[in-house]
Amino acid sequence: MVRLAGRPLINYVIGAAKASKRITRIICSTEHDAISSHCKSSNVEVHRRSPELAKDDTPITPVLIDLLSHYQDVEGIVPLAIVLLQPTSPFVTPEQIDICIDKLIENETVNSVQTVTPVSHNQHAYNQRNIVNGCIKFRFEKERELMFNKQKKPAYYSFGNLVVTRVSSISLNGGVFSEPSIPLEIPRCYAFDLDTQTDI
């Protein structure tokens, strides 16, 4: 199990979820025995994924639909909303979780709320390059010519660290980022995604 600063990586989001004032239930979806055992020892419910939903390229939406269908069958109820917390986002905070949930509750026409963070100048779409026939080319050449410095570029955002979605919109195959979706902007440091050994 991956560790960050001496703690299992998944402990960070578990801790944030437990400290949230709005989350009423924490469920880990996994097919991994060690992760399952660790979550149970941390008083987190575990929903075992089927092998078909445990592949590297499995989208999250069918996983959530399977989880929700299970609890509908077993308990006869599903929640109003689901908060997607990923263990690769160790810096999510309880406050971010609660604000996103509150925003969803307060806006009845909104289907999801997601944290976002401004894209840095070097990572901006108009600074991105493609390799074409072994040569580097700007991906958006015309836009780059017009908006070559950071003052001229439009503000773009990348995903932060969590999304809260109405269950009804997931069931309608709207996915976790069901529209209309509204943002909660967070500082870039909180949006850190730990995905590789280099990130550690």
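1. The first pair to look at is E141 and K137. These two residues form a salt bridge, and their closest N and O atoms are 3.0 Å apart. E141 is partly exposed, because its relative accessibility of 39% falls between the limits of 20% and 50%. K137 is also partly exposed, with a relative accessible area of 37%. Note that this is a predicted model, and every value in this note should be read with that in mind.

2. Some general figures help to place the details. The protein has six helices and ten strands. Its C-alpha trace spans about 60 × 40 × 30 Å along the principal axes. There are 200 residues in the protein, of which 36% count as buried. The protein exposes about 12100 Å², and carbon and sulfur atoms supply 52% of that area.

3. Contacts across the sequence deserve a remark. Take the contacts in the protein with a separation of 6 or more: residues 24 or more positions apart account for 67% of them. Several of the points below give individual examples of residues that meet across the sequence.

4. How many salt bridges does the structure hold? The count is five. As for charges in general, the protein has 21 positive and 22 negative ones, and the mean positions of the two sets are 7 Å apart.

5. One salt bridge joins the side chains of R22 and D102, at 2.6 Å from N to O. This pair links distant parts of the chain: R22 sits in the loop between α1 and β3, while D102 belongs to helix α4, residues 94-106, and the two are 80 residues apart. R22 is partly exposed, with a relative accessible area of 41%. D102 is partly exposed as well, at 22%. The D102 value is above the 20% limit under which a residue counts as buried.

6. Another salt bridge is formed by the side chains of R48 and D33, with 2.8 Å from N to O. R48 lies in strand β4 (residues 45-48) and D33 in helix α2 (residues 33-41), so the bridge ties together parts that are 15 residues apart in sequence. Are the two partners buried, partly exposed or exposed? R48 counts as partly exposed, at 41% relative accessibility. D33, at 55%, counts as exposed, because the limit for that class is over 50%.

7. R25 should be read together with its acidic partners. Its place is in the loop between α1 (10-19) and β3 (27-30). R25 is partly exposed, with a relative accessible area of 39%. Which residues does R25 contact, if neighbours within four places in sequence are left aside? They are E45, Y71 and E75. The side chain of R25 makes a polar contact of 2.6 Å with the side chain of E45, and there is also a polar contact of 2.6 Å between the side chains of R25 and E75. R25, E45 and E75 are linked in a network of salt bridges.

8. For scale, R25 can be set against N133. The two residues are 108 positions apart in sequence, and their C-alpha atoms are 52 Å apart in space.

9. A81 shows what a pair separated along the chain can look like in space. A81 is placed in strand β5, which covers residues 81-85. The C-alpha atoms of A81 and T165 are separated by 5.4 Å, although the residues are 84 places apart along the chain. Not counting residues up to four places away in sequence, A81 touches L104, V164, T165, R166 and V167. A81 counts as partly exposed, at 25% relative accessibility.

10. The last residue is Q114, in strand β6 (residues 112-118). Is Q114 buried or exposed? Q114 is buried, because its relative accessible area of 17% is under the 20% limit. With neighbours within four places in sequence left aside, Q114 is in contact with F159, L162, V163, F177, S181, I182, P183 and L184.

Terms used: Residues numbered from 1 in each chain as written. Predicted model: local features only at pLDDT ≥ 70, side-chain atom pairs only at ≥ 80, totals over all residues. Heavy atoms only, no water. Helix = DSSP H or I, 4+ residues; strand = E, 2+ residues; numbered from the N terminus. Buried < 20%, exposed > 50% of the residue type's maximum accessible area, 1.4 Å probe, protein only. Contact = heavy atoms within 4.5 Å. Polar contact = N/O pair within 3.5 Å; in protein donor to acceptor, adjacent residues only side chain to side chain. Areas by Shrake-Rupley, 256 points an atom, 1.4 Å probe, with all protein chains shown as cover. Lys, Arg positive; Asp, Glu negative; His and termini not counted. Charge placed at Lys NZ, Arg CZ, Asp CG, Glu CD. Salt bridge = Lys/Arg side-chain N within 4 Å of Asp/Glu carboxyl O.
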